[in-house]
Each structure stands twice: as structure tokens, then as C-alpha cells.
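Reader: I would like to go through this model with you, beginning with the contacts between chains. Could you take my questions one at a time?

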Amino acid sequence: MIRFMIRRLLQSVLVIFGVTLVTFLAMHMGGDPTYLYVNEHASDAEIAATRAALGFDQPLPVQYLHFAEGILHGDMGTSLTYRTPAVDVVLRHFPATLELTLFALVVALVLAIPLGVMAAMRRGTPVDGGIMLFAMVGQSIPSFWLGIMLILAVGLGLRWLPISGRVPVLDPIFAGDIAGGIANIPHAIPYLIMPGMTIAFFTLARTTRLVRSSMLEVLSQDYVRTARSKGLSELRVVGYHAMRNAMLPVVTMLGLEMGFLLSGVVVVETIFSWPGVGRLVFNAINHRDIPLVQAAVILFSVTFLVLNLAVDLLYAQLDPRIRLHS
Amino acid sequence: MSYIERKRRRRITALVSVFLALVALMWLAGVRRKHVAHSGQVVQFTADANTIVIAQANDADTLDPSDVGSADTLNVARMLFGTLYDVSPQGELQPFLAESYQYSDDGRDITFKLRPGLACEDGSPLTASDVAYSFDRAANPRNHFTGNASGFLIPSIGYEGSHVIDPLTVSIHTAKYNPIAIGLISEMLVMCRQPYEHMSLREASTHPSATGPYRLAEWVHDDRIVLERNPHFKLRQTRYERVVWRVIPEGSTRTAELLAGDVDLITQVPPDQIDAIRNSETAKVETVTSTRRVYVGFNMRKKFADTDGGKAIQDPRVRQALQYAIDVPTICEALLRTPCSRAATLVVPRNDHSGIAPTPFDPDRAEKLLDAAGYPRGKDGVRFHLKLQAPRTLYGDGNVAQAIGQYLTDIGVETEVDLLDLSVYVLLTRQHEAGPLFLLGTGGSTWSALYDMSDLSTQDSGTNYTSWHDGLFFAAWKDLEQTKDPAQQQEIMNGMLREFHEGAPWLMLYFQPDVYGVSNRVHWTPRADEFISLY
């Protein structure tokens with residue numbers, strides 16, 4: 001187990017190195033970013049001074065090495081837009097994104113598992129057809145379109161939910177005010193529903209299909225037939241014996257889905273004015289705020305890797321047939 | 001339990017679930033208008049006569065008065081900080097914190113007399129020393145400011161220092177006489193020395209100490225900035241106790257918030273949302289022709305002369321001919337959904353006394369002029385090829401660029417439209433690398449033609465994006481420095497504008513129509529200079 005973890009951690013370091021390199025090169029393509037940090041009336045001397053001050057006059061490998069050295073010291077540079085450490089800016093926005101993705105994941109799982117089980121149990125019936133149609137639609141609808149439609153229908157038409165904005169829950173909790181964060185939850189939920197559903201919709205559809213196919217496979221197993229022949233109730237057969245094994249692929253997908261949800265927040269946070277990391281990255285790319293983009297991408301990568309590592313470990317615990325050393 | 005009973009139970013469960021879901025949604029709808037601060041305190045933003053909620057696309061990037069630059073940031077900062085002079089809604093310069101000014105004989109010193117009774121946010125007196133500090137802090141290169149004051153204003157007036165004569169009198173020393181110095185200085189936000197001397201630059205960017213009508217109450221980054229009336233500011237009466245600036249990047253979301261009654265004023269209404277607001281019962285559209293000039297630049301740098309089109313546009317006759325190819329009013333009507341007039345020169349019409357008329361849409365004439373210039377259509381109907389670069393997200397989301405490309409192609413100038421991400425495009429234009437054609441909008445002013453012309457203050461100016469070289473035009477700036485007689489200045493400017501018209505470095509399009517969405521519950525009139533004023 002320890003060898004497995006060490007190997008995965010080393011792989012993660014390599015992945016993060018690759019991510020930083022690709023991000024760094026991508027951000028430096030397309031011209032000298034110095035011009036974005038000087039007034040349009042700046043003289044050549046002022047431009048040169050700014051270039052030197054920002055370190056953009058150094059060769060790219062040197063700039064990258066400085067950046068990599070900074071990471072090792074926990075310093076990812078200063079945001080060129082906010083004039084504060086890039087890590088601080090990203091961490092300030094991270095609770096909003098985490099809140100949204102966790103909400104979306106919970107919504108997706110809470111709805112997808114019963115829908116998938118129901119479709120499997122009613123295989124070939126109109127119920128199964130309806131759920132699969134819903135899943136197909138869910139995987140086909142672009143999130144920006146769904147978001148705008150929800151705003152128009154639920155926010156503007158029915159006036160049931162607020163169109164944009166956020167009430168923080170995790171921010172006060174991370175700041176040590178747990179009671180304050182919990183007290184905000186009832187006020188936060190209305191703001192979470194539309195953006196959360198918009199992000200969750202694709203995951204919900206995909207997970208529903210996954211649960212259905214997994215359940216169908218498990219339900220045809222001998223041990224399920226044996227359980228039924230023993231006279232166990234259908235609820236116990238499905239809910240206890242079949243579900244436990246059918247959920248294994250879902251657990252595997254969980255880490256990937258979280259990564260997908262994190263990447264999906266860029267569009268949704270912009271549409272719903274959600275002050276999270278996705279929108280921050282979008283603006284940072286537009287402003288060529290290189291330290292900020294790099295800090296955000298590294299944070300996303302680390303989150304994604306940690307989640308996948310956790311899922312791998314969880315999977316090994318759930319399925320004793322898995323041999324970690326293999 | 002029988003099969004029928006199980007089925008009945010399932011139906012009852014489904015009905016109860018639907019009922020509970022509806023109850024939950026109704027409960028959520030009940031709390032939807034409440035907003036909770038970190039402390040958990042519930043704050044009502046809307047339906048309050050003393051509060052106005054304004055939504056714009058971007059958050060302020062800094063509230064350090066020496067470093068603010070973007071239009072969205074300036075809108076907020078101008079409510080927090082006073083200026084010596086400012087621009088009236090009618091577009092004239094008027095006294096604000098200062099009551100008068102006087103130029104020295106050589107024009108290099110400008111002495112401002114402050115109004116008595118001015119105060120800082122903490123109630124202490126605002127004096128000439130604070131004004132001097134505001135200039136010195138913005139001009140200090142060690143601060144590495146890149147905003148409007150340090151990057152444009154200070155170098156433009158040639159600021160060399162300040163001298164406090166008495167608590168209400170301060171003299172600003174400049175390198176040379178500048179006829180538009182007062183207008184430029186009207187953009188200098190005045191701060192109080194005492195709080196800022198004790199703040200780091202980082203603190204100063206987020207903890208503004210007000211000298212204007214409002215002070216900062218709350219700033220939730222990328223979400224909202226809440227301002228409340230500054231009790232120590234007595235100079236002018238504002239209409240609202242509180243101003244909430246909400247950050248809503250997406251245009252359709254801003255519109256939906258306006259129509260839902262959750263915001264009172266939105267900026268930058270996208271063309272496709274205009275009808276939705278016009279047809280609503282809760283809000284209206286307010287438009288104003290702004291001072292922002294939108295044009296297609298002909299980049300005359302040698303690197304573009306290698307292509308047939310790049311070479312062709314070096315010829316002023318070609319640049320003049322292409323002016324006739326574009327139907328500007330139709331572009332505005334069809335793509336921006338707002339009427340506009342074609343711009344004649346780079347100066348805002350109210351300050352343009354050159355008598356130059358806008359070029360009419362006449363494609364036949366454009367073709368004849370191109371023939372006469374030695375660029376007839378080839379066998380394939382093409383005279384030469386050009387590339388038009390434009391930002392993807394501006395100017396009708398690239399639609400204006402597409403239309404211009406088609407108009408030019410129609411007269412035999414085959415034009416490829418290259419839409420770029422904004423950050424890439426800004427870099428290219430700043431480095432004078434965009435082109436050979438590029439679509440751009442640059443800000444002008446309501447108060448001086450010279451300000452509008454200052455984009456072309458020298459041949460190697462950073463804002464001479466076309467790299468236009470015209471001896472007569474640029475030499476005339478020297479003549480302007482020699483005279484303080486307004487009539488003579490006007491005559492020189494008219495000559496420069498005629499030279500600009502004939503040289504045609506810009507394919508003139510329009511002064512950008514600014515479109516705002518305004519709730520019926522507020523009365524507000526937009527200004528041409530993009531400034532949101534609540535006086």
C-alpha cells in the first residue's frame with residue numbers, strides 16, 4: 001500500500017511539472033505580455049523598465065526556472081492584475097468553486113443513482129426509455145445554453161430563484177466561523193440551485209447511464225439470482241447485494257467527474273456571476289495574468305490528482321480483488 | 001402487500017415528493033431576495049429608494065486612486081475620490097475640489113485654489129498638501145503604477161513637481177505649457193496624505209480612504225462593491241445613500257437581473273438584448289453617442305508592405321477610396337441595433353469645427369478611385385488582398401469586422417477577417433503588429449479637440465497604431481505649443497484635421513453608441529464620456 005502511494009505521488013509530481021510547463025509555454029505564446037502592463041501611451045524606455053521589473057526580459061527557460069523555484073518555496077508569483085500573491089487570490093476564490101462543485105456532485109449522485117437503478121429495474125419499459133432519453137438529452141445540452149435557459153425560465157419567468165450572485169458558506173467556515181457558515185446555508189441554497197444544476201446536468205446524465213449498465217450487469221449475476229431464490233425482498237436484493245457491487249465503477253468515475261465539474265465551472269461561473277476560480281482563470285487569461293493562471297491551473301491539477309488518488313485508494317478498499325502492487 | 005397496493009403506495013409517494021419539492025421551491029423563492037454577508041447579517045439590496053444597484057461586466061482591479069485605469073474601475077473610484085476639476089454632464093470642465101486655477105506667464109505653473117471646508121474620510125481637513133501628495137505619489141516611479149494617472153496624465157502634462165503655497169493653494173509645475181492640462185488634471189483623483197502614508201501599496205489597493213461623495217462599505221471581490229454616503233463630503237448632494245456595484249460579466253445575465261428588478265442600471269447592453277429591454281414593462285434602454293471612436297486602422301509599417309494589400313494601403317489614394325466602401329449607418333442599425341452617424345474625423349463632433357463632412361457610402365466611387373490609383377480588378381475580380389484583424393468579443397462580437405470585410409470584398413479588395421482573443425489582439429495593437437487592417441476603438445473627450453487628437457501627438461507615439469507619417473500634421477503640434485490664442489489654435493487644429501482627412505490613416509466608422517439598461521424606478525441619463533454619475 002505504501003509503495004503504491006509513493007508511486008502515485010511521484011507520478012503526480014511529474015504530472016504537475018508537465019502541467020506547469022504546458023501552461024507556462026501557452027501563456028508566453030502570442031507576444032510579449034509586457035504591453036498589457038503599461039499604459040498605451042508608455043514610451044519605449046517605460047516599456048523596457050516594466051519588462052525588466054516583471055522579469056519578461058529573461059529567456060523563457062530562465063523565467064520558467066524562477067517560476068518552478070518559487071513553487072518549491074510556496075511562492076507562485078504576484079498577480080499582475082491584483083498586485084497580491086497569486087496563491088492568495090486563487091485561494092480566496094477557491095471556496096466558491098468548491099461549494100459549487102460539491103453541490104453539483106451531490107445533486108448529480110443523489111438523482112443519478114435512483115434513476116439509474118430504476119431504469120435497470122424497468123429495463124425495456126417506458127420508464128427505462130424515458131430515463132435514457134433524459135440521459136441522452138442531458139449529455140447533449142451545452143451548459144451555457146442550459147444556464148441561460150434556466151435564468152430565463154426559472155429566474156426571470158417564474159421568479160423562483162435568484163439569477164446570479166452568491167451567499168458564502170465555506171468562506172466563513174474556512175475562516176473559523178463554522179456557525180456563521182452553517183447559518184448561511186438556507187440563504188445559499190437558492191443561489192446554488194441554478195448554477196449547480198447547470199454543471200451537474202451532464203454528470204447526472206452520464207452517471208445515470210453508468211449506474212444503469214452496471215446494475216444490469218450485476219442483476220444478471222448468479223449471486224443475485226441466489227438471493228432472490230432465498231426469498232429475500234427485492235429491496236434487500238437490489239439495495240444491499242446488487243447496489244454495493246454496481247457502485248464500484250461509479251466510485252471510479254467519481255474522481256474524474258470532480259475534475260470534469262471543476263473544468264466546467266469556467267462557463268457556468270461566468271454566466272451566473274459566481275465569484276469562483278473558473279471565472280478568475282477566464283479573466284486572468286484575458287488579461288494575460290500569467291502568475292494567476294499558473295497558480296489556478298496548479299491548484300486545479302493538485303485537486304484533481306488528490307481526488308483521483310483518494311478514489312484509487314477507496315476503490316482498493318471497496319474491492320478486495322484489487323491488488324495494489326499489481 | 002399486494003402488487004396493486006405497492007403500486008398505489010408508489011403513486012402516493014411520488015405525489016408527496018412532488019408536493020414537497022414545490023413547497024421547497026416556494027420557500028426558496030421567499031428567501032431569494034435576501035443577501036447574506038460573511039457575518040450572516042441579512043441585507044436587502046433592492047426595492048430601497050435610497051439604494052441604487054448598478055451592474056457592470058468587471059470588478060475593480062484596484063481602488064488605489066493613483067493606479068486606477070480601466071473604465072469599470074474608474075466608475076467606482078470617481079465616487080470615492082474627488083478631483084480638482086471635473087466634467088459636467090454637458091461635457092464642460094467645471095470646478096470641483098478646486099474653485100479656480102491660474103496659469104503662470106510661461107504656462108508651466110498652474111496654481112489651484114481649493115475650496116474651504118473640504119474633508120478627508122476621517123473628518124480631518126483636506127488641504128493643498130494632500131493634493132501635492134496625490135501628484136507626487138502617482139509620479140513616483142518606485143511605485144510602479146501603470147494606471148491612468150501615472151501612465152498617461154503625469155507624462156502628458158510633463159509633471160515636474162508641486163509646491164504648497166498655503167493650506168488652500170497648490171502650484172503644479174510642468175515641463176511645458178499644455179493647453180489641455182486642466183482637462184487632464186481633471187482625471188487626477190485626490191487622496192489624503194495621512195491614511196495613505198501609513199498603508200502599503202497592497203493595503204492601499206483594497207482600502208480606499210475617500211475624499212468624494214461615497215466611502216467603501218464592503219468589497220466582495222468579483223461579486224460586489226458597496227458604497228455608502230461619505231458624511232464628511234458636503235460639496236455636492238448625491239441622490240442615493242448607498243450604491244451597490246455588482247459584477248455580472250455575462251451580458252444576458254445583466255439583462256435578466258435588470259428585468260427581474262434585482263438591479264437598477266446595467267452597462268454594455270449587448271445588441272441582441274436591446275429589444276428584450278425595450279419590450280419589457282420594468283426597464284428601458286438609454287443610449288448615448290460616446291466619445292469612443294471606432295475605426296479601421298491602416299497599418300503602414302514596412303513589414304506589411306510585402307503583401308499586395310499591405311503595399312496598396314501605403315498609397316493615400318487607396319486609403320481614401322476605401323472610405324467610400326463602408327455603409328456605416330447600416331452596420332450600426334443592423335448589427336449594433338442602435339442608430340449612429342458616420343464619423344468625419346478623429347475629433348468628437350461637438351468639438352470638431354473643421355467643416356469636414358463624413359464620407360458617404362458610395363461603392364461605385366470607391367471602385368473608380370481604386371481604378372484611378374492603379375489597382376484595377378484582376379481577371380478573378382480581385383484588386384488586392386487584405387487581412388482585417390479584430391477582437392472576437394468586441395464590436396458586436398466580431399460582426400462589425402465581418403461586415404467590413406464583406407464591404408471591402410464587394411469592391412474587389414478581398415479581405416480575410418481574422419478574429420482574435422482580446423488578450424492576443426491587445427498585444428498586437430500595442431506592439432503596432434496588428435494588420436494590415438485592424439479594428440479599434442479609442443477614447444476621446446467631450447471637452448477638447450486636442451485631447452482627441454493627442455493619440456497622434458508624435459509619429460512614434462504609442463497610440464499611433466497605424467505608424468502614420470505625415471510631416472505637416474505632426475509639425476503642427478509645435479505650432480500649437482507656440483500660441484495661447486484660442487482662435488489661432490482652432491485654425492491650426494482645423495488644418496491638422498484636413499491633413500488627417502486627406503492622409504486617411506484611419507478608415508472612419510462611428511462614435512460608439514453606448515447602450516444602458518435602466519430600471520423604470522430610477523431616473524438616470526447617460527453621459528457621453530462613459531462616466532456613471534449619480535448627482
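Reader: How many salt bridges does the rule find across the interface of chain A and chain B?

Author: The rule finds 2 salt bridges there, a salt bridge being a side-chain nitrogen of Lys or Arg within 4 Å of a carboxyl oxygen of Asp or Glu. One of them joins the side chains of A:Arg279 and B:Asp222, at 3.9 Å from N to O. Please note that this is a predicted model, in which local features need pLDDT of at least 70 and side-chain atom pairs count only at pLDDT 80 or more, while totals for chains, interfaces and linings use all residues. Residues are numbered from 1 along each chain as its sequence is written, chains are lettered from A and ligands numbered from 1 in the order in which they are written, and side-chain values use heavy atoms, with hydrogens and water left out.

Reader: Which helices of chain A supply at least two residues of the side that touches chain B?

Author: They are H4 (86-121), H6 (143-157), H7 (170-174), H8 (178-219), H10 (234-271) and H11 (277-286). Helices here are DSSP runs of H or I with at least four residues, strands are runs of E with at least two, and both are numbered from the N terminus. H8(A) gives the most, with 7 residues.

Reader: And how much area is buried between the two chains?

Author: About 4,700 Å² is buried between chain A and chain B, and carbon and sulfur atoms give 56% of that. Buried area is the accessible area (1.4 Å probe) that two parts lose on being put together, summed over both. In contact terms (heavy atoms within 4.5 Å), 54 residues of chain A meet 52 residues of chain B.

Reader: Changing topic, what is the secondary structure of chain A?

Author: Chain A comes to 12 helices and 0 strands. Its C-alpha trace spans about 85 × 55 × 40 Å along the principal axes.

Reader: Which backbone feature does A:Arg159 have?

Author: A:Arg159 has a positive phi of about 60°, although it is not a glycine. This residue lies in the loop between H6 and H7 of chain A. Most residues other than glycine have a negative phi, and most peptide bonds are trans.

Reader: On peptide bonds, which residues does a cis bond join?

Author: A cis peptide bond joins B:Gly435 and B:Pro436, with omega about 10°. B:Pro436 lies in the loop between helix H15 (422-430) and strand S17 (437-442) of chain B.
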